[in-house]
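Dear colleague,

I am handing over the structure below. My notes on what was found in it follow.

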Amino acid sequence: MKSVPYLSAVGSFMYLAITTRPDISYAVDVLARFNSNPGPIHWKAVKHLFRYLKGTLDLKLTYGPIGDKSQDPILTYSDADHGGNSDNGKSTGGYMVKLGTGAVSWSSKLQTMVALSTTEAEYIAAVEAAKEIIWMHQFMGELGYPPCTASTLLMDNQSAISVSKNPEHHGRMKHLDLRRFCWIGLG
């Protein structure tokens with residue numbers, strides 16, 4: 001594996017994942033976990049990702065306005081797995097922020113703490129997405145476009161949505177850091 005340009009390939013993928021290809025973010029995140037000691041199976045995955053990119057050269061991000069002008073142009077999706085990393089039990093969380101019709105910000109990262117439930121993993125991912133929404137509102141305000149309404153954050157876990165609406169009534173979430181409860185609130 002010493003003669004294989006694994007680090008260069010993963011670095012190139014990282015550039016693409018950060019700048020123009022949100023569809024490969026998760027795969028690049030997983031490949032980067034093995035930068036210090038890649039094996040033949042990891043190189044095979046790198047080649048597979050190269051083939052995927054070659055086959056999807058026609059995919060592109062498209063930007064345009066939204067139809068309803070009264071709607072806030074920022075729409076965010078968040079999601080997480082629970083304990084998806086078998087090496088350390090951590091979950092992967094991610095989000096995508098759309099401005100108008102195009103994705104402008106996205107992330108897929110291993111969470112810093114081990115989530116004890118799917119609800120917790122989804123909630124932590126939603127908090128990260130909410131922090132990005134706050135930053136996006138501030139950025140848009142600096143450009144002269146102050147937000148007219150609260151932005152929408154879409155998540156698919158009903159229990160995490162319930163916790164975000166009323167965190168003090170969920171005893172199973174009390175171990176979470178207080179800053180996790182300061183960022184989002186739906187309703």
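**Notes on the model**

At 34% relative accessibility, Phe-139 counts as partly exposed. The model is a predicted one, and that applies to everything below.

Phe-139 belongs to an aromatic pair, so I begin with the rings. A search of the whole structure finds 2 aromatic pairs. In one of them, the ring centres of Phe-13 and Phe-50 lie 4.7 Å apart and the planes make 55°, so this pair is tilted. Phe-13 sits in helix H1 (residues 6-19) and Phe-50 in helix H3 (residues 40-55); with their positions 37 residues apart, the pair links distant parts of the chain. Phe-13 is buried, at a relative accessible area of 1%, whereas Phe-50 is partly exposed at 41%.

The other pair is Trp-135 with Phe-139. Their ring centres are 5.1 Å apart and their planes are at 5°, so the pair is stacked; the cut-off for that term is planes under 30 degrees apart. Both residues lie in helix H4, 4 residues apart, which is about one turn of the helix. Trp-135 has a relative accessible area of 44% and is partly exposed, as is Phe-139 at 34%.

**Overall content**

The secondary structure comes to 6 helices and 4 strands. Read from the N terminus, the elements run α-α-α-β-β-β-α-β-α-α. The protein has 187 residues, of which 39% count as buried. Among contacts with a separation of 6 or more, 63% are between residues 24 or more positions apart.

**The sheet**

What is the order of the strands in the sheet? The order is S3-S2-S1-S4, in an open sheet of 4 strands with mixed pairing. Strand S3 (102-110) and S4 are the edge strands, each pairing on one side only. On average, neighbouring strands are turned by 15° against each other, direction ignored.

Going through the pairings:

- S2 and S3 run antiparallel and are joined by 8 bridges. Val-97 has Ser-105 in S3 as its bridge partner.
- S1 (residues 74-80) and S2 (residues 92-99) pair in the antiparallel sense over 7 bridges. Ala-80 stands opposite Gly-93 in S2.
- S1 and S4 (residues 152-154) run parallel and are joined by 3 bridges. Thr-76 stands opposite Leu-153 in S4.

Of the 7 residues of S1, 5 are buried, so this strand is largely enclosed by the rest of the structure. As a general point, side chains in a regular strand alternate between the two faces of the sheet.

**Helices on the sheet**

Helix H4 (residues 118-142), which holds the stacked pair, lies across S1, S2, S3 and S4 and runs at about 155° to S1.

Helix H2 (residues 25-32) also packs on the sheet, where it touches S2 and S3; its direction makes about 30° with that of S3. Ser-25 is in H2 and counts as buried, at 11% relative accessibility. Leaving aside its neighbours within four places in sequence, Ser-25 is in contact with Ala-17, Trp-106 and Ser-108. Ala-17 is one of the buried residues of H1.

**Helix H1**

H1 has 14 residues, which at 1.5 Å a residue should span 20 Å; the C-alpha atoms at its ends are 20 Å apart, in agreement.

Which residues of H1 are buried? They are Tyr-6, Ala-9, Val-10, Phe-13 and Ala-17. Seen down the axis of H1, these buried residues fall within an arc of 95°, so they line one face of the helix. The face turned away from that side carries the exposed residues Leu-7, Ser-8, Tyr-15 and Ile-18. H2, H3 and S3 are among the elements that cover the buried residues of H1.

This returns to the tilted pair: Phe-13 is on the list of buried residues of H1, and its ring partner Phe-50 is in H3, which is part of what covers those residues.

Regards

Technical notes
Residues are numbered from 1 along each chain as its sequence is written. This is a predicted model: local features need pLDDT of at least 70, side-chain atom pairs count only at pLDDT 80 or more; totals for chains, interfaces and linings use all residues. Side-chain values use heavy atoms; hydrogens and water are left out. Buried means under 20% relative accessible area, exposed over 50%, partly exposed in between (1.4 Å probe, protein chains only). Helices (H or I, at least four residues) and strands (E, at least two) are DSSP runs, numbered from the N terminus. Two strands pair if DSSP finds at least two bridges between them. Axes are lines fitted to C-alpha atoms, for helices over the stretch in contact, and angles run from 0 to 180 degrees between N-to-C directions. Contact means heavy atoms within 4.5 Å. Rings of Phe, Tyr and Trp (its six-membered ring) pair if their centres lie within 6.5 Å; planes under 30 degrees apart count as stacked, over 60 as edge-to-face and the rest as tilted. The expected span of a helix is 1.5 Å times one less than its number of residues. The arc is that of the directions from the helix axis to the C-beta atoms.
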